[in-house]
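Reader: Hey, got a minute to walk through this one with me? Let me pull it up.

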Amino acid sequence: MKTIGLIGGMSWESTAHYYRVLNQETARRLGGLHSAPLIVHSVDFAGIAAMQSAGAWDEAGLTLNGVARGLVAAGADIIGLATNTMHVVADAIQDGIARPFVHIADPTAEALLADGFDTVGLLGTRFTMEMDFYKDRLLARGLTPLIPEVERTNLNGIIYDELCKGIVREQSRRIYQTAIHRLAARGAQAVILGCTEIGMLIDDSTSSLPTYDTTDLHAKALVDAALAG
């Protein structure tokens with residue numbers, strides 16, 4: 001099995017979930033006492049979040065490219081970025097990196113298409129919902145993404161002010177449930193949990209639409225890539 005290099009810490013809450021799924025999936029696939037050969041560089045999210053707020057995407061891309069280079073130097077064979085939002089700089093991260101990069105939107109799109117869905121709600125940070133980098137990736141795969149028309153500020157704030165700090169509130173769950181109901185009314189057949197923390201709040205048991213958790217799907221795709229010949 002190849003060694004997975006994971007750029008994490010955005011936030012550490014979701015990176016901890018990645019670590020669990022990567023190892024659980026490896027054990028499921030290989031059996032016995034197998035676990036994932038894994039190198040994690042967990043960044044200080046405060047600095048990355050400040051770059052996001054300032055729109056300093058070039059600086060963020062250079063920073064994360066340096067992290068990726070460090071993972072390769074440490075022995076990583078495959079690179080994964082444990083966050084949806086920072087895939088806005090995915091091209092910059094891959095610059096000069098001669099290792100496969102598993103994009104978080106790709107296994108999500110594959111799972112949706114395999115289940116027969118084409119119109120999907122997209123929930124995430126305001127950057128993921130409002131910028132084109134993620135929606136364009138879905139459109140290129142034949143999906144039609146819908147984002148909430150209202151409450152985007154509240155949805156974004158719940159991620160940064162609560163979920164990234166490990167806070168899960170029932171009131172916030174209801175806000176997300178309402179957003180999902182509204183997406184369904186506009187034709188969404190399923191919903192992408194397009195921030196790696198949203199799965200802390202919403203899953204199939206609390207959603208009126210089928211949910212696709214990008215954290216789980218991405219982690220399993222990284223294991224697939226690591227086990228591929």
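Reader: Is the crossing of helix 1 and helix 10 left-handed or right-handed?
Author: The crossing of helix 1 and helix 10 is right-handed. The term means that the near helix is turned clockwise from the far one by less than a right angle, and left-handed means anticlockwise. Helices here are DSSP runs of H or I with at least four residues, strands are E runs of at least two, and both are numbered from the N terminus.

Reader: Before we go on, what kind of model is this?
Author: This is a predicted model, where local features need pLDDT of at least 70, side-chain atom pairs count only at pLDDT 80 or more, and totals for chains, interfaces and linings use all residues. Residues are numbered from 1 along each chain as its sequence is written, and side-chain values use heavy atoms, with hydrogens and water left out.

Reader: Ok, back to the helices. At what angle do helix 1 and helix 10 cross?
Author: Helix 1 (residues 12-30) and helix 10 (residues 214-227) cross at roughly 45°, and their axes come within 9 Å. Axes are lines fitted to C-alpha atoms, for helices over the stretch in contact, with angles from 0 to 180 degrees between N-to-C directions. That makes helix 1 oblique to helix 10, because under 35 degrees counts as roughly parallel, over 145 as roughly antiparallel, 65 to 115 as roughly perpendicular and the rest as oblique.

Reader: Which residues make the contact?
Author: On helix 1, they include H17, Y18, V21 and E25, and on helix 10, H218, K220, L222 and D224 are among them. Contact means heavy atoms within 4.5 Å. The residues of this contact divide into eight nonpolar, six polar and five charged. Ala, Val, Leu, Ile, Met, Phe, Trp, Tyr, Cys and Pro count as nonpolar, Asp, Glu, Lys and Arg as charged, and the others, Gly among them, as polar.

Reader: Switching to sheets. What's the strand order in the one with strand 1?
Author: That open sheet of four strands runs 2-1-3-4, with parallel pairing. Strand 2 (38-42) and strand 4 (101-102) are at the edges with a single partner strand each, so one side of each has no neighbour in the sheet. Two strands pair if DSSP finds at least two bridges between them. Strand 1 (residues 4-8) and strand 3 (residues 78-81) have four, and L6 has G80 as its bridge partner in strand 3.

Reader: Which strands does helix 1 touch?
Author: Helix 1 packs on the sheet against strand 1, strand 2 and strand 3, at about 160° to strand 1. Helix 3 (residues 57-74) also lies across strand 1, strand 2 and strand 3, at about 150° to strand 1.

Reader: And the sheet with strand 6, what's the order there?
Author: It's 6-5-7-8, an open, parallel sheet of four strands. The edge strands are strand 6 (144-146) and strand 8 (211-213), and the twist averages 30° from one strand to the next. Helix 7 (residues 132-140) lies across strand 5, strand 6 and strand 7.

Reader: Is L183 buried or exposed?
Author: L183, in helix 9 (residues 170-185), is buried, with a relative accessible area of 1%. Buried means under 20%, exposed over 50%, and partly exposed in between, with a 1.4 Å probe and protein chains only. Leaving aside neighbours within four places in sequence, the contacts of L183 include G121, L146 and V191. G121 and V191 are bridge partners, with V191 in strand 7.
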